[in-house]
Amino acid sequence: MLFKSTLAAAAVLAMTACASHMGSPAMMYSQASLPDAVKVPAGHKVAWETVGVGQITYECKVKANMPGQHEWVFGGPDAKLLDRSGKQVGKYYGPPATWEAMDGSKFTATQVAVAPNGDANIPLQLVKANPAMGMGALNGVTYTQRVATKGGIAPTSACGAGNVGAKQVVQYQADYIFYKAS
């Protein structure tokens, strides 16, 4: 519960800190400090910035091609997408990983790259969007970055033959930066 409260407080602080920047294109998100692997290629510009706050489900499974060994496997996300003022503007869920705006536009994507973001956080990520379904905010999105990740890593509890199929839910937060061709 303390972790959940800490994530909620961090989300409010992050949104408050960035809220004043949203009206000025000059203050848009900059990917300059990101590892090259997760940078969006030239020819794309920031179209939308959101803060994802929610949960990731993991399932205890037998390791692929390793009988007798087990691991927690990513099952899928369930998060609210908030604008920088804290208003819900969409959701992120899966599988398959789907970003959906409140206006009904949505897309799935293919992972291009990941980069570590510390031992306690899910990695930074770059995905290439499939064509959006529906007209709206997500129509024309080409790439999405997951940055500023907090939490979300696989559980540390035991995963073995005795609990195959068990599911664990962990809290996480990340900024999702959406790009369109410029």
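In this predicted model, the chain exposes about 9500 Å², and carbon and sulfur atoms supply 59% of that area. Of its 182 residues, 37% count as buried. Contacts across the sequence are also informative: among those between residues at least 6 apart, 62% join residues at least 24 apart.

The overall fold is easy to follow from the start of the chain. One helix and eight strands are present, and they are arranged along the sequence in the pattern α-β-β-β-β-β-β-β-β. The eight strands close into a barrel, with antiparallel pairing and the order 1-2-3-4-5-6-7-8. On average, neighbouring strands of this sheet are turned by 30° against each other, direction ignored. In general, strands of a sheet pair through backbone hydrogen bonds, in either a parallel or an antiparallel manner.

Strands 2 and 3 offer a closer view of this pairing. Strand 2 covers residues 70-82 and strand 3 covers residues 88-93; the two run antiparallel and are joined by five bridges. Within this pairing, alanine 79 stands opposite tyrosine 92 of strand 3.

Attention now turns to the aromatic side chains. Seven aromatic pairs are found when the whole structure is searched. One of them brings together tyrosine 58 and phenylalanine 74, whose ring centres lie 6.1 Å apart; their planes meet at 85°, so the pair is edge-to-face, the cut-off for that class being over 60 degrees. This pair links distant parts of the chain, since tyrosine 58 belongs to strand 1 (residues 44-62) and phenylalanine 74 to strand 2, with their positions 16 residues apart in sequence. The two partners can also be described by their accessibility. Tyrosine 58 has a relative accessibility of 7% and therefore counts as buried, the limit being under 20%. Phenylalanine 74, in turn, has a relative accessible area of 43%, so this residue is partly exposed.

Another aromatic pair, formed by tryptophan 99 and phenylalanine 107, is stacked: the distance is 5.2 Å centre to centre, and the angle between the planes is 15°. Tryptophan 99 and phenylalanine 107 are both buried.

These two residues also take part in a wider grouping. Trp99 and Phe107 belong to one aromatic cluster together with Trp48, Tyr92, Tyr176 and Phe178. Tyr92 connects this part of the description with the strand pairing above, as the residue of strand 3 that stands opposite alanine 79.

How values were computed
Residues are numbered from 1 along each chain as its sequence is written. This is a predicted model: local features need pLDDT of at least 70, side-chain atom pairs count only at pLDDT 80 or more; totals for chains, interfaces and linings use all residues. Side-chain values use heavy atoms; hydrogens and water are left out. Two strands pair if DSSP finds at least two bridges between them. Helices (H or I, at least four residues) and strands (E, at least two) are DSSP runs, numbered from the N terminus. Axes are lines fitted to C-alpha atoms, for helices over the stretch in contact, and angles run from 0 to 180 degrees between N-to-C directions. Rings of Phe, Tyr and Trp (its six-membered ring) pair if their centres lie within 6.5 Å; planes under 30 degrees apart count as stacked, over 60 as edge-to-face and the rest as tilted. Buried means under 20% relative accessible area, exposed over 50%, partly exposed in between (1.4 Å probe, protein chains only). Contact means heavy atoms within 4.5 Å. Accessible areas come from the Shrake-Rupley method with a 1.4 Å probe; for residues, only the protein chains shown count as cover.
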